Amino acid sequence: MDDNNKRRARLRSRVRQEVQTEYESARRLMEVRDDYDPVWAYFLDLLMRPMDRDGLQAAVGRPVVEHLCNQAPYELFHAMGVHPLRMASGCFAAGRLSAGDFPVLMCPMLKAIVGMQRLRESSQAAQSARVVPTTCDWVVQYQQMTDADPEQTFFMELPHLRESERGQQRWLEEAYELVRFLESRTGVKLKRKALCSSVRIFMRAWQAIGRLIEQRRAGRLPAVWFMAVANSFMLDPIEPWTEQLQRVLGHVDAHPSQVSGKGVFLAGSPILFPNFKLPLLIEAAGMTVLGDDLCTSERIWPGAVCPEENSFHGLLRALAERYHTACICPTFADNERRINTILGFLQRYPVRGVVHHVLKGCHPFDIESLRLERQLKSAGIPFLRIETDYVEEDNRNIATRLEAFAEI
Amino acid sequence: MTKDEFVLTAGIDLGSTAIKVVLVQGGRMAWHKAVPTAPGQAGIAQKLIGEGLAALGRTSDRLTATAVTGYGKGLIHGAGRVIDEVSANALGICRLSDGRARTVINIGGQDVKVIRLSATGKLIDFKMNDKCAAGTGRFFEAVGRILDTPVERFGPMGEAAVDPVHINNTCAVFAESEIVSLMAAGVATERIIQGLHHSVARRIASLAGHRDLEDDIYLDGGAANNRGLVAAIEDELCRDLHVLSHPQFTVAFGAASALEGPPTY
């Protein structure tokens, strides 16, 4: 090994240690909370798994297919005997490993994803197949960023017009293409029966998440716990995860408590463990997040899949429609649905305003925040835009803004 | 003199660059002082209060309550009121302007805020820079060191400049290197300073968003004493700015005011 390779190995080792420290510190923050209960331990254990990708692969018991974003139907992967694993990370230390190779203002989530991958570049997991819905510009460039094997990467071409029949038809074609890609990688032919079974299994998970969402909206569940559960989605096989979620629901039912603080709606860019700084700062400022539209939180739940017919085509069509039309990602050009969803939420729940999270470099949410701010303020609804990344140096500045926002 | 007018309250603003303390008597600022932020902020604030009481010839039993605000507000225990600095600023400027202020621009040590308030000093909306330090008090201090010129002289020197240079950068780091280049090119310090004022003014105008601003705009924070900067912001916003006496103490005064009920304008 020459000197430079030794240096690279040492750097990776240092960053690996920093990543571990960051994850463990974040976990400890959750464990020392007054509202901690052993029922959460399972989910906290899962949140630590991304640090050990090979261990995670063994734990899920199936070949892993990685994916970015939420638009590829989980049910399809599961029906074909593979485990969909979302590539996402809120780890600052991991991002440090890749930051030097990318634009300064690049999405910190993508930096962290690439950093985490570099930490495990010698492992078998690096050879996983990957599914990438073409959402934002950063995601579209994913292939170039990682030098991933093009044969192992499938881009689902996301139509940026969602409400049109043309867009929906194109998305259905992409769902068929995804099936073909997975069939070619697994050697498994997707059967209607397997898809039916998978839809049923996930339906149980969606129902449980739906109940958890209602508990939070009723103010019976702090946002950070909700996010811990949501962030752990698919870090274990779906069935035991759903069982554990049922336990949580039983716990919340058995120990009814009311979260204190003024209700707010949290919108915008994804928030990922171990970086829970924004929900924690919101809580510290005397507010509580009653609902959100984050793709790593409430939006992992596409809602119930309702096929008009149980044929293979009917099921696939229902899945494609659900994951496409229900998605309110701002990469869609026609995203009135998102603003209407937020306005509808504000009418139904005791929420005093909207905190809009923009990850630095997350252009779609940044741009859409302008329109959202205009519409909400014209309706007399307080709106606060927080632009930040994974560092902690702006915590005090954000806290000041949140404290003031609570007083508006 | 009524009984209330013998009563004193204190407002402490533990800012990132300065600790400001005011003593309020009968709704008016009776005493004020600022010192640079240093370790042991709580002790420094208490010492300042003692100094103020002595200056007014009062004993500590006349001090009925203390309110605290600013970045370090969590460091003072047992305060009668802890209030965020944005709300304190709104309330302070409302009282000091007799209810006329509808917008206040605050240039603090580490941040710039544009605050909209109601006739009673209630916070309506605000904007604040994120972690970038451009245009803040800290930025002026850094430039002062490069130019070897005390910040207090920026105002008169800037006003004396007839042809300010154009400084492109709003990033504190790049603006500093741009200033170094201008100095190396022999540009007069006065022209650089006024160019800097315009650069900061553009940034503040961008944060404020011209359309959202109602008239009766006030400027506070220590930088409001800089007449050159005030003129530059007025030019950029195309509006008059009001600067009250002791603009550095509005927030501390607002904190003390929060100990009372809302004003009755």
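**A parallel sheet in chain A and the contact with chain B**

Let me start with the sheet in chain A, where four strands, taken in the order S2-S1-S3-S4, form an open sheet whose pairing is parallel. Please keep in mind throughout that what we are looking at is a predicted model. At the edges of the sheet stand strand S2, residues 83-86, and strand S4, residues 153-156, and each of these chain A strands has a single partner strand, so one side of each is left without a neighbour in the sheet. If we ignore direction, neighbouring strands of this sheet are turned against each other by 25° on average.

Looking at one pairing in detail, strand S3 of chain A, which covers residues 129-133, runs parallel to S4(A) and is joined to S4(A) by four bridges. For Arg130(A), the bridge partner in S4(A) is Thr153(A). Packed on the sheet we then find helix H9 of chain A, residues 165-186, which touches S1 (64-67), S3 and S4 of chain A, and whose direction makes about 170° with that of S4(A).

Now let me turn to the contact between the chains, to which chain A contributes 12 residues and chain B contributes 13 residues. Which elements of chain A give two or more residues to the side that touches chain B? They are strand S8, residues 383-388, and helix H17, residues 395-407, and of the elements on that side H17(A) gives the most, with seven residues. As for the character of the side of chain A that touches chain B, its residues divide into seven charged, three polar and two nonpolar.

Definitions and conventions:
Residues numbered from 1 in each chain as written. Chains lettered and ligands numbered in written order. Predicted model: local features only at pLDDT ≥ 70, side-chain atom pairs only at ≥ 80, totals over all residues. Contact = placed C-beta atoms within 7 Å. Nonpolar A, V, L, I, M, F, W, Y, C, P; charged D, E, K, R; others polar. Pairing = 2+ DSSP bridges. Axes fitted to C-alpha atoms, helices over the stretch in contact; angles between N-to-C directions.
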